[in-house]
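This report describes a single protein chain for a reader who has the sequence and the structure at hand. Please keep both in view while reading.

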Amino acid sequence: MLGTAICSFGIYNIHDQSGITEGGALGLILLLNHWFNIPSSLATPIIDIICYVLALKALGRRFLEVSAVSTLSMAMFFRVWERFPHVLPSFEDKPFLAALLGALFIGTGVGIVVRNGGSCGGDDALALFIHKVSGWRLSRAYLISDIAVLALSLTYIPFKKIFFSLITVTLSSYILEYIQGKEKAKEIP
């Protein structure tokens, strides 16, 4: 729960205000919020459930059990944050700082959840599903979903900010890997 609190806090207070986005499911949540005004607290469990259903066989029961708790926790924390105004200043005019801070919150939060055997969102489930079905490397599967969401995000985010989103995606993955630990990183198929 700590990981989802950290991650959702960063998304709501940094990325939501700055126009910097994430790839994968987290970026899709921001996209749906922007275009359709779907609250993150509603979009999160829906997207995650779809991804988990796709990847059920590839992930195993334990991963799905921990991820179910993470998904509900993420939605709960988004609901809490959405009830209050943003507590951090907007970094819209400082996109590099927004990218760095957003990556710190997301990488740390997701890293805590992954280290404990779950997923902070459907990203992991979707990437593992793509990996299993296509035979691609897992890192490539993650990259495909991130790039697809970032490309869709060009419909409301200028290219310059998408560039900073790529910084966030890259940096948060390194932070996640660091928190997860090298032994865990080697176990990923």
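## A residue in the core

Leaving out residues up to four places away in sequence, M74 touches T4, C7, S8, I11, L26, T44 and C120. The model examined here is a predicted one. M74 is also listed among the buried residues of helix 4.

The largest nonpolar core has 24 residues, and those that touch the most other members are C7, I11, L26, I47, M74 and V110. At least two residues of this core come from each of helix 1, helix 2 (24-36), helix 3 (40-59), helix 4 and helix 5 (95-115). Helix 3 provides the largest share, with 6 residues.

## A second core and F164

A second core, separate from the largest one, has 6 residues, including I20, F91, A99 and F164. F164 belongs to helix 8 (residues 159-180). Is F164 buried or exposed? Its relative accessibility is 11%, so F164 counts as buried, the cut-off being under 20%.

Which residues does F164 contact, apart from its neighbours within four places in sequence? They are I20, P95, F96 and A99. In the case of P95, 69 residues along the chain lie between the two positions as their separation, yet the C-alpha atoms of F164 and P95 are 6.5 Å apart.

## Helix 4 and helix 2

Helix 4 covers residues 61-82, which makes 22 residues. At 1.5 Å a residue its expected span is 32 Å, and its end C-alpha atoms are 31 Å apart, so the two values agree. The buried residues of this helix are F63, L64, V66, S67, S70, T71, S73, M74, A75, F77 and F78.

Helix 2 has 13 residues. From its first C-alpha to its last, helix 2 reaches 18 Å, close to the 18 Å expected at 1.5 Å a residue. Its buried residues include G24, A25, L26, G27, I29, L30, L31 and L32. Just after helix 2, N37 takes a positive phi of about 55 degrees.

## Salt bridges

How many salt bridges does a search of the whole structure find? The search finds 3. One of them joins the side chains of R61 and E65, with a distance of 2.7 Å from N to O. These two residues are 4 residues apart in helix 4, so about one helical turn separates them. R61 counts as exposed because its relative accessibility is 67%, above the cut-off of 50%. E65 has a relative accessible area of 39% and is therefore partly exposed.

A salt bridge also forms between E92 and K161, whose closest N and O atoms are 3.5 Å apart. This pair links distant parts of the chain, with E92 in the loop between helix 4 and helix 5 and K161 in helix 8, 69 residues apart. E92 is partly exposed, at 45% relative accessibility, whereas K161 is buried, with a relative accessible area of 14%. D93 and K94 form a salt bridge as well, and their closest N and O atoms are 3.9 Å apart. D93 is exposed, with a relative accessible area of 60%, while K94 counts as partly exposed at 43% relative accessibility.

## G111 in helix 5

G111 is located in helix 5. Its relative accessibility is 0%, so G111 counts as buried. Not counting residues up to four places away in sequence, G111 touches I106, L176 and I179.

G111 can also be compared in position with C7, one of the core residues that touch the most other members. The two are 104 residues apart in sequence, and their C-alpha atoms are 9.4 Å apart in space.

## A nonpolar patch on the surface

Which residues form a nonpolar patch on the surface? They are M1, V69, M76, V80 and F84, and together they have about 470 Å² of accessible area. M1 lies in the segment before helix 1 (2-18). With a relative accessible area of 58%, M1 is exposed.

Methods:
Residues numbered from 1 in each chain as written. Predicted model: local features only at pLDDT ≥ 70, side-chain atom pairs only at ≥ 80, totals over all residues. Heavy atoms only, no water. Patch = residues over 30% accessible without salt bridge, like charges linked within 9 Å, V, L, I, M, F, W, Y side chains within 5 Å. Areas by Shrake-Rupley, 256 points an atom, 1.4 Å probe, with all protein chains shown as cover. Salt bridge = Lys/Arg side-chain N within 4 Å of Asp/Glu carboxyl O. Buried < 20%, exposed > 50% of the residue type's maximum accessible area, 1.4 Å probe, protein only. Expected span 1.5 Å × (residues − 1). Core = buried A, V, L, I, M, F, W, Y, C linked by side-chain atoms within 4.5 Å. Contact = heavy atoms within 4.5 Å.
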